[in-house]
Structure formats: structure tokens, C-alpha cells
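This report describes the fold, the core and selected residues of one protein chain. The sequence and the structure are shown first.

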Amino acid sequence: MGISFYDQELLEKIAAETGFSKEFIEEAAEYSTAKNSLLFNLVMNRTLHGRTEPSPADTIYFAQAKIIKNLAERESCVIVGRCGDYILRDNNDCLHICRISNKNTGETD
């Protein structure tokens with residue numbers, strides 16, 4: 001079909017943009033879920049550390065948003081995760097698909 005597919009490649013691009021390791025980016029995403037958001041925000045919140053620069057979580061999000069928007073402008077592509085549906089929510093020419101599977105078996109619902 002000639003349509004690019006971005007999953008792990010996005011992590012590599014975000015790592016290159018931010019200077020964070022792929023592992024750190026994956027961990028930050030894992031701990032930024034609603035279930036752990038209070039703990040995540042306490043650890044990552046820049047005001048608790050007295051910093052004025054963006055937190056690592058902000059830096060990661062801004063970089064992935066920039067990369068995803070640039071990819072979507074440049075080509076037809078499939079973006080897996082990384083808040084792609086939210087980042088591209090105002091693009092009228094996007095098709096958003098949510099596929100959910102059982103975490104233990106991998107079977108789709």
C-alpha cells in the first residue's frame with residue numbers, strides 16, 4: 001500500500017529529539033497512565049523541584065507531538081499509540097482506530 005507504519009520508530013525519533021533514552025521514554029509513558037498519574041505528577045512535576053524548564057514528561061510530549069504532526073503533514077501513515085489520536089484530533093483527514101486486546105492473551109475484544 002505504500003503507507004508508512006510508525007511504532008518503535010517513533011520512540012527512536014523522540015529519543016533523538018529529546019536526548020532521553022528509548023527506555024526512559026517508554027517508562028515515562030507507562031507511569032503516566034491515569035492509574036498512576038498522581039504519583040507520576042508528584043515525581044515529574046517541575047514545581048516540586050523548583051525548576052522553570054519543562055518537565056521530562058512535558059519535553060517528551062512536546063517532541064512526540066511535533067514529530068507526529070510533521071509525519072502526518074508529510075505523508076499518509078499509521079501512528080501506533082503515543083497519543084497520536086489526541087495529537088491529530090483536529091485533522092479532518094485522519095482515521096482514528098482503537099484496538100483493544102486482552103493483556104494476558106493478546107486476543108482482541
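## Overall architecture

From the N terminus on, the order of elements in the chain is β-α-α-α-α-β-α. The model is a predicted one. Its secondary structure amounts to 5 helices and 2 strands.

The chain has 109 residues, of which 22% count as buried. About 8100 Å² of surface is accessible, and carbon and sulfur atoms account for 51% of this area. Where contacts in the chain join residues at least 6 apart in sequence, 45% of them link residues at least 24 apart.

## The nonpolar core

In soluble globular proteins, nonpolar side chains tend to be buried together. In the present model, the largest nonpolar core comprises 15 residues, and Leu 10, Ile 14 and Ile 25 have the most contacts inside it. Two or more residues of this core come from each of helix 1 (8-18), helix 2 (22-30) and helix 4 (56-74). The most are given by helix 4, which supplies 6 residues.

The surroundings of Leu 10 can be listed in detail. When neighbours within four places in sequence are left aside, Leu 10 is in contact with Ile 67, Ile 68, Leu 71, Ile 79, Val 80 and Arg 82.

## Buried polar residues: Thr 18 and Gln 64

Thr 18 belongs to helix 1. Its relative accessibility is 19%, and Thr 18 therefore counts as buried, the cut-off being under 20%. The side chain of Thr 18 reaches the backbone nitrogen of Phe 20 at a distance of 3.1 Å. Residues up to four places away in sequence not being counted, Thr 18 touches Ile 25, Thr 59, Ile 60 and Ala 63.

Gln 64 is located in helix 4. With a relative accessible area of 4%, Gln 64 is buried. Apart from its neighbours within four places in sequence, Gln 64 is in contact with Ile 14, Arg 82, Cys 83 and Ile 87. Ile 14 is one of the residues with the most contacts inside the largest nonpolar core, and Arg 82 also appears among the contacts of Leu 10.

## The loop between helix 1 and helix 2

Ser 21 occupies a position in the loop between helix 1 and helix 2. Its relative accessible area is 37%, so Ser 21 is classed as partly exposed. The side chain of Ser 21 reaches the backbone nitrogen of Phe 24 at 3.0 Å. Ser 21 and Leu 11 are separated by 10 residues in sequence, and their C-alpha atoms are 8.9 Å or less apart, at 8.8 Å.

## Surface features

Which residues form a nonpolar patch on the surface? Met 1, Ile 3, Phe 5 and Val 78 do so, and together they have about 480 Å² of accessible area. Met 1 lies in the segment before strand 1 (4-6). The relative accessible area of Met 1 is 96%, which means that this residue is exposed.

Cys 98 is placed in the segment after helix 5 (84-87). At 67% relative accessibility, Cys 98 is likewise exposed. Between Cys 98 and Asp 85 the separation is 13 residues in sequence and 8.9 Å in space, taken from C-alpha to C-alpha.

Definitions and conventions:
Residues numbered from 1 in each chain as written. Predicted model: local features only at pLDDT ≥ 70, side-chain atom pairs only at ≥ 80, totals over all residues. Heavy atoms only, no water. Patch = residues over 30% accessible without salt bridge, like charges linked within 9 Å, V, L, I, M, F, W, Y side chains within 5 Å. Areas by Shrake-Rupley, 256 points an atom, 1.4 Å probe, with all protein chains shown as cover. Salt bridge = Lys/Arg side-chain N within 4 Å of Asp/Glu carboxyl O. Helix = DSSP H or I, 4+ residues; strand = E, 2+ residues; numbered from the N terminus. Buried < 20%, exposed > 50% of the residue type's maximum accessible area, 1.4 Å probe, protein only. Contact = heavy atoms within 4.5 Å. Core = buried A, V, L, I, M, F, W, Y, C linked by side-chain atoms within 4.5 Å. Polar contact = N/O pair within 3.5 Å; in protein donor to acceptor, adjacent residues only side chain to side chain.
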